[in-house]
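Please look over the sequence and the model shown here before reading the briefing that follows. The notes after it are grouped by topic, with the cut-off for each term given once.

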Amino acid sequence: MNVDGIEPFLECDIEYENGLVIKKAFLADVKEKYDIIFYDNVFEHLESPVSDMMIAKSKLNMDGKIVCIFPGYGDMTRKFCGNSYIIQPPQHVALYTEQGIRSIAERAELKVIEIKKTSIYEWYLKRYWIEN
């Protein structure tokens, strides 16, 4: 199995002893195609999420999948919308609801297979309680 990491804001490429390479690049600049593209807490930072999702789609092998983790959607977004710690401006452009996630995928002509809430919700709640 080949695994690449892509992070445009590194100082330079990083190569680990186990062979993993984290490339200083934007996904649009990478020539490879992938079976899975995994975004972990990335889309809330993007100013053009539909365009970025379309780029990811273009980098998939046939039957490839895009897996995304979006922090703070749904109930948490509504509950803490006024809390700048949760929204973390200016680096977070948006927090998404389930409907927003589905809209981005639809506009990028992608099918949402499943949306799950993860423990990140509890993590934010604990941080909020500790800080307040």
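**Briefing on the predicted model**

Tyr39 is buried, as is Phe43, where buried means under 20% relative accessible area, exposed means over 50% and partly exposed lies in between, calculated with a 1.4 Å probe and protein chains only. This is a predicted model, in which local features need pLDDT of at least 70 and side-chain atom pairs count only at pLDDT 80 or more, while totals for chains, interfaces and linings use all residues. Residues are numbered from 1 along each chain as its sequence is written, and side-chain values use heavy atoms, with hydrogens and water left out.

**Overall organisation**

- The protein contains five helices and five strands, these being DSSP runs numbered from the N terminus, with helices (H or I) of at least four residues and strands (E) of at least two.
- Read from the N terminus on, the order of the elements is β-β-β-β-α-β-α-α-α-α.
- Of the 132 residues in the protein, 30% are buried.
- The accessible surface of the protein amounts to about 9400 Å², and carbon and sulfur atoms account for 53% of this; accessible areas come from the Shrake-Rupley method with a 1.4 Å probe, and for residues only the protein chains shown count as cover.
- When contacts (heavy atoms within 4.5 Å) in the protein are restricted to residues at least 6 apart in sequence, 58% of them join residues at least 24 apart.

**Aromatic pairs**

- Searching the whole structure gives two aromatic pairs, a pair being rings of Phe, Tyr and Trp (its six-membered ring) with centres within 6.5 Å, where planes under 30 degrees apart count as stacked, over 60 as edge-to-face and the rest as tilted.
- For Phe9 and Phe26, the ring centres are 6.0 Å apart and the planes stand at 85 degrees, so this pair is edge-to-face.
- This pair links distant parts of the chain, since Phe9 lies in the loop between strand 1 and strand 2 (14-15) and Phe26 in the loop between strand 3 and strand 4 (34-40), 17 residues apart.
- Phe9 is exposed because its relative accessible area is 67%, whereas Phe26, at 46% relative accessibility, counts as partly exposed.
- For Tyr39 and Phe43, the ring centres are 4.7 Å apart and the planes are at 70 degrees, so this pair is edge-to-face.

**Salt bridges**

- Side chains of opposite charge can pair when their charged atoms come close.
- In the whole structure, the search finds four salt bridges, each defined as a side-chain nitrogen of Lys or Arg within 4 Å of a carboxyl oxygen of Asp or Glu.
- Asp4 and Lys23 form one of these salt bridges, with their closest N and O atoms 3.7 Å apart.
- The Asp4 and Lys23 pair links distant parts of the chain, with Asp4 in strand 1 (residues 4-6) and Lys23 in strand 3 (residues 21-23), 19 residues apart; Asp4 counts as partly exposed because its relative accessibility is 30%.
- Glu109 and Lys57 meet through their side chains in a salt bridge with an N to O distance of 3.8 Å.
- The Glu109 and Lys57 pair also links distant parts of the chain, 52 residues apart, with Glu109 in the loop between helix 4 (98-107) and helix 5 (120-131) and Lys57 in helix 1 (residues 49-58).
- Glu109 counts as exposed at 66% relative accessibility, whereas Lys57 is partly exposed, with a relative accessible area of 31%.
- Glu98 forms a salt bridge with Arg102, in which the closest N and O atoms are 3.2 Å apart, and both residues lie in helix 4, four residues apart, or about one turn of the helix.
- Glu98 counts as partly exposed at 35% relative accessibility, and Arg102 counts as partly exposed at 37%.
- Salt bridges with shared partners join Asp4, Lys23 and Glu32 into one network.

**Surroundings of Pro49**

- Pro49 is found in helix 1 and counts as buried because its relative accessibility is 14%.
- With neighbours within four places in sequence left aside, Pro49 is in contact with Phe43, Tyr96 and Ile104.
- Pro49 and Arg107 are 58 residues apart along the chain, and their C-alpha atoms are separated by 9.9 Å.

**Nonpolar surface patch**

- Ile36, Phe38 and Val67 make a nonpolar surface patch of about 290 Å²; patches consist of residues with over 30% relative accessible area and no salt bridge, with like charges joined within 9 Å and nonpolar side chains (Val, Leu, Ile, Met, Phe, Trp, Tyr) within 5 Å.
- Phe38 is found in strand 4 and is partly exposed, with a relative accessible area of 49%.
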